[in-house]
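Work through the exercises below with the sequence and the model open. Each task is followed by a solution in steps.

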Amino acid sequence: MGRERTGRQGRGTPGDREDHGPVRYGPPAPGPALPVLPELAGVLAAAAARAVPEPAGGSAALREAARAYWDRRGLHGGAEHIAAAPGTSPLLLALIAAHGGDVLMPRPCPAAWIPQARLLGRPAYHVPTPAECGGVPDPYALLETVRRVRAEGGRPRLLLLSVADDPTATVAPPELVREACEAAVAEGLHIVSDETWRDTLHRPHDTVLLSPAEMCPDDVTVVSDLAGALTPSAWPVAVARFPDTERAAARHARTLDVLTALGALVAGPVAAAAAHALGEPDAVAERVRRAAFLQARVAAEAHRAVLAAGALARPPQAGRHLYADLGPLRARLAAHGVTDSPELEEYLTERLGAPAPGGHRFGDELGALRVRLGTGSLLGSTPRQQEESLTAAEPLELPHVAAALSMFRAALDELR
């Protein structure tokens, strides 16, 4: 069935000690590994003297900026249907608490999802994804999972999905999104669509991203962490867009209650910078475009290195990472003492000199040799090198990028 248990995640997991509770926090989403945009730093600095905290759910200015951001993407509505929080984790925790019932999510899924359900003591069930992408469950597997959960006395109420996915870095085809959403709504599930990575498409003119809220506007809450494309990871802020219905209004109010109880308020200076970034002025839009171009080039080269080593990976389409399956290299890995996902995480993190979280962090099976490989470490080790990578017409030709990719290939080639 894929139901999540709240026990230990497995031997070898970093930070896994007996004095820890049952909740396991996975690694954060891959950071941009790029200098802070000076224009945003200036806005934050100008607001540093703010002494009054933001209200729960965000100020009117922040919510209006989020409304306009979504309006430009075809998702229309009022600022009163928006809530902000200091990052995805507290926002998702509040959303799950507000909806009640059991939670369904694709396998694999973002590392931040499972801990929130565990904290609330909610049963969580993983649903397989189709071969072509991650982030969205196979519609038939979803229907079968709902049927089985109910047969066992469960109450499936909420489906989490991500059309531009972490960890797989894929974008779900519109027809799959439509079929999965129609199946979920038909079974009475509310959908939370995590669209953190929608502005990081590697080929924005060739990739069609369809939000579930476009086809099921009354049954979808959209969530976006601004660290995906707009703001630095160190300035936590995420926003949620609720449907314009009476039921959603009640859930919005309960979400604000939970955020208030948690003290999960966006810092005033961060809110000012976030509102500015959501307005997408020229400097921010150009940074988003350049960053996506850079990540696309580097991720494609890393993907070629993974395939050349004999491993498997879907071509990355968004984000700052790729998801590799080293199962074909199992015999060679076993010779290095690597037989499961936690051991693979430890081995590759040491070999690559950068975090390489194993698939168990994302709900995958412990025995599967899967890993999320970030591209941030390939962009340079200093702000100057990273800025050069960002502005170069051919970033792969830069000496520091070429050297980092060479080390990346070498680490994988040892397993051939």
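**Exercise 1.** Determine how the lining of the second largest pocket divides into nonpolar, polar and charged residues, and which elements give two or more residues to this lining.

*Solution.* The model is a predicted one.
- Step 1. The second largest pocket is lined by 29 residues; sorted by class, 15 are nonpolar, 10 polar and 4 charged.
- Step 2. Helix H3 (88-99) and helix H4 (113-119) are the elements that give two or more residues to the lining. H4 supplies the largest share, 3 residues.
- Step 3. Nearest the centre of this pocket lie Pro28, Ala29, Thr88, Ala112 and Asp225.
- Step 4. The space in the pocket comes to about 520 Å³.

**Exercise 2.** Describe the largest pocket by its volume and its lining.

*Solution.*
- Step 1. Its volume is about 680 Å³.
- Step 2. The lining holds 26 residues, with Leu201, His202, Arg203, Pro204 and Ala292 nearest the centre.
- Step 3. By class, this lining has 12 nonpolar, 6 polar and 8 charged residues.

**Exercise 3.** How many disulfides does a search of the whole structure find, and why is the sulfur of cysteine 181 not bonded to its closest cysteine sulfur?

*Solution.*
- Step 1. The search finds 0 disulfides. Cysteine 133 is in none, and the nearest cysteine sulfur, that of cysteine 181, is 12 Å away.
- Step 2. A disulfide requires two cysteine sulfur atoms within 2.5 Å. The closest cysteine sulfur to that of cysteine 181 belongs to cysteine 216 and is 5.1 Å away, so the distance is too far for a bond.
- Step 3. Cysteine 133 counts as buried because its relative accessibility is 0%; cysteine 181 counts as buried because its relative accessibility is 0%.

Conventions:
Residues are numbered from 1 along each chain as its sequence is written. This is a predicted model: local features need pLDDT of at least 70, side-chain atom pairs count only at pLDDT 80 or more; totals for chains, interfaces and linings use all residues. Side-chain values use heavy atoms; hydrogens and water are left out. Buried means under 20% relative accessible area, exposed over 50%, partly exposed in between (1.4 Å probe, protein chains only). On a 1 Å grid over the protein atoms alone, a cavity is a set of points where a 1.4 Å probe fits but cannot get out, and a pocket is an open set with protein on both sides within 12 Å along at least five of seven lines; lining residues have an atom within 4 Å of a point. Grid points are joined across faces, edges and corners, and a volume is the space filled by probe spheres set on the points. Ala, Val, Leu, Ile, Met, Phe, Trp, Tyr, Cys and Pro count as nonpolar, Asp, Glu, Lys and Arg as charged, and the others, Gly among them, as polar. Helices (H or I, at least four residues) and strands (E, at least two) are DSSP runs, numbered from the N terminus.
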